[in-house]
Amino acid sequence: MTIEMIADALKELQKKYDETDPFRLAKELKITVKLRPMGIYEGCCKGFFLISRRMKHITINSDLPDLLQKVVLAHELGHCILHSDDAATAPFHEVTLFDNTDHKEYEANIFAAELLLPDERVLDLLNDDLFFFDAAKKLCVPFEMLDFKFRVLKRKGYKVKSPVISQGDFLKNLERNVDAKLYNEKC
């Protein structure tokens with residue numbers, strides 16, 4: 001699936017439901033979202049999506065800071081919207097959340113970036129001469145998520161350049177307390 005197809009699929013959802021918050025969008029889509037403690041150790045599960053008895057379920061690690069729960073939910077919604085056929089046979093375990101090496105993970109990352117980061121908001125911050133990392137902080141997302149948004153913006157014809165290439169395991173390396181302080185105080 002191309003970046004354009006993913007962006008179009010999300011645009012249709014937002015047009016139909018007029019919703020950009022992942023928790024409210026999941027509710028509109030009748031997707032059950034549960035928060036469950038899964039630990040904060042390196043490599044812990046961030047969340048997963050599955051279909052059971054024809055009902056869609058997303059489980060998010062409640063031990064994560066609120067900001068990261070929102071990012072993980074947006075990512076899992078990407079799987080739910082884009083990969084439901086595959087999920088009927090097995091859940092997407094997010095031990096390697098945001099893994100670029102797997103095409104489905106890449107697609108879910110693009111979906112999450114599009115959902116969480118409206119073009120206008122990102123471009124306004126860049127037009128205010130904010131540096132990439134400062135823009136990510138202002139947008140309340142890990143900078144790796146902004147890198148995925150830049151990939152979308154490039155496809156839309158914008159001349160943006162990310163100073164990073166996001167790695168698949170970036171969330172595993174974030175320290176819980178640093179993220180909670182950095183994002184929850186300002187977001």
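Here is a friendly exchange about how the terms apply to this predicted model.

Reader: What should I know about the model before we start?

Author: The model is predicted, so local features need pLDDT of at least 70, side-chain atom pairs count only at pLDDT 80 or more, and totals for chains, interfaces and linings use all residues. Residues are numbered from 1 along each chain as its sequence is written, and side-chain values use heavy atoms, with hydrogens and water left out.

Reader: Thanks! What makes up the fold, and what counts as a helix or a strand?

Author: There are nine helices and four strands, in the order α-α-β-β-β-α-α-β-α-α-α-α-α along the sequence. Helices (H or I, at least four residues) and strands (E, at least two) are DSSP runs, numbered from the N terminus.

Reader: Why is Phe-132 called buried or exposed, and what about Phe-133?

Author: Buried means under 20% relative accessible area, exposed over 50%, and partly exposed in between (1.4 Å probe, protein chains only). Phe-132 has 7% relative accessibility, so Phe-132 counts as buried. Phe-133 has 37%, so Phe-133 is partly exposed. Of the 187 residues of the protein, 48% count as buried.

Reader: How do you know that Phe-132 and Phe-133 form an aromatic pair, and of which kind?

Author: Rings of Phe, Tyr and Trp (its six-membered ring) pair if their centres lie within 6.5 Å; planes under 30 degrees apart count as stacked, over 60 as edge-to-face and the rest as tilted. Phe-132 and Phe-133 are 5.2 Å apart centre to centre, with 90 degrees between the planes, and the pair is edge-to-face. The structure holds four aromatic pairs, and Phe-132, Phe-133, Phe-143 and Phe-150 form one aromatic cluster.

Reader: What does Leu-139 touch, and what makes that a contact?

Author: Contact means heavy atoms within 4.5 Å. Leaving aside neighbours within four places in sequence, Leu-139 is in contact with Leu-117, Arg-121, Val-122, Leu-125 and Leu-146. Leu-139 and Arg-121 are 18 residues apart in sequence and 8.2 Å apart in space, C-alpha to C-alpha. Leu-139 sits in helix H7 (residues 132-139) and, at 12% relative accessibility, is therefore buried.

Reader: Which residues does Leu-123 touch?

Author: Not counting residues up to four places away in sequence, Leu-123 touches Leu-153 and Tyr-158. The C-alpha atoms of Leu-123 and Leu-153 are separated by 9.2 Å, with the two positions 30 residues apart along the chain. Leu-123 belongs to helix H6 (residues 119-127), and a relative accessible area of 16% makes Leu-123 buried.

Reader: What stands out about phi at Arg-54 and Asp-129?

Author: Most residues other than glycine have a negative phi. Arg-54, not a glycine, has a positive phi of about 65 degrees, and for Asp-129 phi is near 65 degrees. Arg-54 lies in the loop between strand E2 (47-52) and strand E3 (55-61), whereas Asp-129 lies in the loop between H6 and H7. Arg-54 has 82% relative accessibility, so Arg-54 counts as exposed; Asp-129, at 65%, is exposed too.

Reader: Which residues line the largest pocket, and of what kinds are they?

Author: The lining has 13 residues, with Lys-70, Leu-116, Leu-117, Pro-118 and Leu-139 nearest the centre of the pocket. Nine are nonpolar, one is polar and three are charged. Here Ala, Val, Leu, Ile, Met, Phe, Trp, Tyr, Cys and Pro count as nonpolar, Asp, Glu, Lys and Arg as charged, and the others, Gly among them, as polar. A pocket, on a 1 Å grid over the protein atoms alone, is an open set of points where a 1.4 Å probe fits, with protein on both sides within 12 Å along at least five of seven lines; lining residues have an atom within 4 Å of a point.
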